[in-house]
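Let's take a friendly walk through a protein chain and see how one pair of its helices fits together. Have a look at the picture before reading on.

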Amino acid sequence: MHFLRRKLRSLLSLGSSSLRREASSSSNGTRTGTGMGAGALTMHKLREWHGNAFSNKFLLFTNVGISLTLSSVGDILEQQLELYDGEIVEYCSTRTRHMATSGVTVGVICHYWYQLLDKHLPGRSMRVIAKKIVLDQIICSPLYISAFFITLGILEDKDASEVWAEIKEKAWKLYAAEWTVWPVAQFINFYWVPTHYRIFYDNVISLGYDVFTSKVKHSSSSVSLPLCHSPRT
């Protein structure tokens, strides 16, 4: 009997130790699970936001927002360069707002243009891509460069003759730059990038081009005066 009591106490002791280890393991697992749950929840929210932003329902708003933002950033960078070089005396927020508005116009045009191209020229063969690049350069580029100058002309209260004179004087510089940058960039765009990411890719690539666009638009000329300030003397 004494032997049996000792064995029983030993078994009970082992059982309680096992229960304590299981409880401790369960507690650690709960804490870890909670941490993983928070991370998983964050990733789920990001995926949900991404899915909504680039869905057909909201894609236009996303594309316009991207174009607006990067057009603003391009002008801000250009103005910082002009300040550094002494070409202007102070930052002009009105100029940046106008460039942002032009980004809205261009964003809408490019959104529907890419959809139109994919509808009428589906596929990713070299022949299809070559057609898209040529059409993009001879139709879309002149269209959105004109829309850019017209939008800013309206914002700057210019009449039609002044806008037309500025287009004739400055648009060719932007169009020439288009041919040096976009054929290669658009090959990548049309070959690899899905339609709903094309405006995003377009704007990331064109950030440097947006800086140049702002410089050309706001350079001194016979038909365009500085919007907010005069160059240093």
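## How α4 meets α7

In this predicted model, Y144, I145, F148, F149 and L152 of helix α4 are in contact with Y209, T213 and K217 of helix α7. Sorted by type, the residues of this contact are 6 nonpolar, 1 polar and 1 charged.

How are two packed helices described? The angle between their axes and the distance between the axes do the job. For α4 and α7, the angle is about 50° and the axes lie 12 Å apart. Because angles from 35 up to 65 degrees are neither roughly parallel nor roughly perpendicular, α4 counts as oblique to α7. The crossing of the two helices is right-handed.

Now look at α7 itself, which spans residues 207-217. Which of its residues are buried? They are Y209, D210, V211, T213, S214, V216 and K217. Y209, T213 and K217 are thus among the buried residues of α7, and they also meet α4. The cover over the buried residues of α7 includes these helices:

| Helix | Residues |
|---|---|
| α2 | 59-85 |
| α3 | 93-120 |
| α4 | 126-155 |
| α5 | 160-192 |

Stepping back to the whole chain, there are 7 helices and 0 strands. Of its 233 residues, 36% count as buried. Among contacts between residues at least 6 apart in sequence, 76% join residues at least 24 apart. The chain exposes about 13900 Å², and carbon and sulfur atoms supply 67% of that area.

Methods
Residues numbered from 1 in each chain as written. Predicted model: local features only at pLDDT ≥ 70, side-chain atom pairs only at ≥ 80, totals over all residues. Heavy atoms only, no water. Buried < 20%, exposed > 50% of the residue type's maximum accessible area, 1.4 Å probe, protein only. Helix = DSSP H or I, 4+ residues; strand = E, 2+ residues; numbered from the N terminus. Contact = heavy atoms within 4.5 Å. Axes fitted to C-alpha atoms, helices over the stretch in contact; angles between N-to-C directions. Parallel < 35°, antiparallel > 145°, perpendicular 65-115°, else oblique. Left-handed = near helix turned anticlockwise from the far one by under 90°. Nonpolar A, V, L, I, M, F, W, Y, C, P; charged D, E, K, R; others polar. Areas by Shrake-Rupley, 256 points an atom, 1.4 Å probe, with all protein chains shown as cover.
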